[in-house]
Amino acid sequence: MTTPATHGATAAGPADSPTGGPARGPAGASLLVRAATGRPGPYPPVWFMRQAGRSLPEYRALREGSSMLDACRTPDLITEITLQPVRRHGVDAAIFFSDIVVPLVATGVGVDIVPGVGPVVDEPIRDRAAVERLRPLTPDDVPYITEAVRTLTRELGSTPLIGFAGAPFTLASYLVEGGPSRDHARTKALMHDDPSLWHALLERIGGIARTYLAVQIDAGASAVQLFDSWAGALSLADYTEFVLPHSRAVLEPLAGSVPRIHFGVGTGELLVAMRGAGADVVGVDWRVSLDEAARRLGPGAIVQGNLDPALLSASWPVVERAVRRVVAQGRAADGHIFNLGHGVPPDTDPEVLTRIVELVHSLA
Ligand code: 1CP
């Protein structure tokens, strides 16, 4: 497909950073954008994947009576839920409240988000006819995204908003499996049994993800994160042949617009390849230390991560020691954005997250 919204994203603003990215209003000078462009501040900016969500009582209260997908299509709810963790924890970035399946739903794919399960697909996509039914996303399909991003960037002022999308492989896994999967067996089988169908599927999904990111950038997002959460299930050879070209087709057209963060779980063996997909910042889970990740990535590495989310339920002295270690190891890179190695578990005591933000901010 063509890239209906990327022209705005790629042409935005004067080049005033090493990546050629524009200063996007007051958030352009934020610690997050500085770290992501290799100009770190006194301490690493900190935000948490899944910082908005069930760990917050104010989120649970606000979500009462609305389905996840309805909430993701209601600008007032999106705005309020996105702002909640910023107010409560004082994090250095907001992550847009949405879900990776929202753009698929907007193009007419039958997907629901089932409480306690995750995305469930009405009719899994496993043949050519189903792939051909996938249509491109246009900005007009998601007016609620544009509206919510605009409101948020106004409300957030100097705090950057991170837009996001699911990467082609992770989205394909949900579409092919029909829901969450441990081994991604049907997905891998399709990839190897029918490479031509696989590439056609990822090309279409990649187009949708690219437009979804471009819509958020055009409306004012200061950075974007492409979540390839389940890419760590693949060998480097399979990733390189079957996934990398499609992730690159999402990220490359956005070069020079805003910093691009690329993250997956268990991707220690894929870090260099994922950077090659067009990532300015490579997300690292807890299995590889940040100094080792920086060594693997080589000169100019900018990393995000990587406190083990399981430690959030340990005693504070354990958490504190682990946070200090992550910050120290992150100094081996040219830039570091502090985060967890994956999302906040729903049973996390939010007070611990607030203390982590205070601690990281004290480590100048
Ligand atoms: O009713 C609810 O509260 C449902 C729980 C929930 C929430 C709060 C889901 C279902 N999605 C979300 C929001 C969400 N999803 C956000 C914004 C919130 C924030 O980060 O602060 C983001 C960034 C996502 C992205 C997402 N959805 C990913 C990539 C990130 C990751 O965690 O790896 C993935 C894989 C999904 C699919 C998904 N959606 C929901 C669930 C429970 C899942 C995972 C299912 C599985 O295990 O396969």
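Which helix and which strand each supply at least two residues of the shell around the ligand? Helix H3 (57–63) and strand S3 (118–121) do. The structure here is a predicted model: local features need pLDDT of at least 70, side-chain atom pairs count only at pLDDT 80 or more, and totals for chains, interfaces and linings use all residues. Residues are numbered from 1 along each chain as its sequence is written, and side-chain values use heavy atoms, leaving out hydrogens and water.

**View 1. The whole chain.** You can find 16 helices and nine strands here (DSSP runs numbered from the N terminus: H or I of at least four residues for helices, E of at least two for strands). The C-alpha trace spans about 55 × 45 × 45 Å along its principal axes. With 364 residues, a compact globule would have a radius of gyration near 21 Å, so the chain's 19 Å agrees (taken over C-alpha atoms; the rule is 2.2 Å times the number of residues to the power 0.38).

**View 2. Who surrounds the ligand.** There are 24 residues around the ligand, and Arg50, Asp99, Tyr174, Ser229 and His342 come nearest (being near takes a heavy atom within 4 Å). The shell splits into 15 nonpolar, five polar and four charged residues; Tyr counts as nonpolar, Asp and Arg as charged, and Gly as polar.

**View 3. Polar contacts with the ligand.** Here we look at pairs of N or O atoms within 3.5 Å. A polar side-chain atom of Tyr174 sits 2.4 Å from a ligand oxygen atom, and one of Tyr59 sits 2.8 Å from a ligand oxygen atom. Arg50 joins in with a backbone N or O atom, 2.7 Å from an oxygen atom of the ligand. On its own the ligand exposes 880 Å², and the protein buries 88% of that (Shrake-Rupley method, 1.4 Å probe).

**View 4. Two backbone oddities.** Most residues other than glycine have a negative phi, and most peptide bonds are trans. Arg50, in the loop between helix H2 (31–36) and H3, has a positive phi of about 60° although it is not a glycine. The peptide bond from Gly305 to Asn306 is cis, with omega near -10°. Asn306 belongs to strand S8 (residues 302–307).

Note on methods: Polar contact = N/O pair within 3.5 Å; in protein donor to acceptor, adjacent residues only side chain to side chain.
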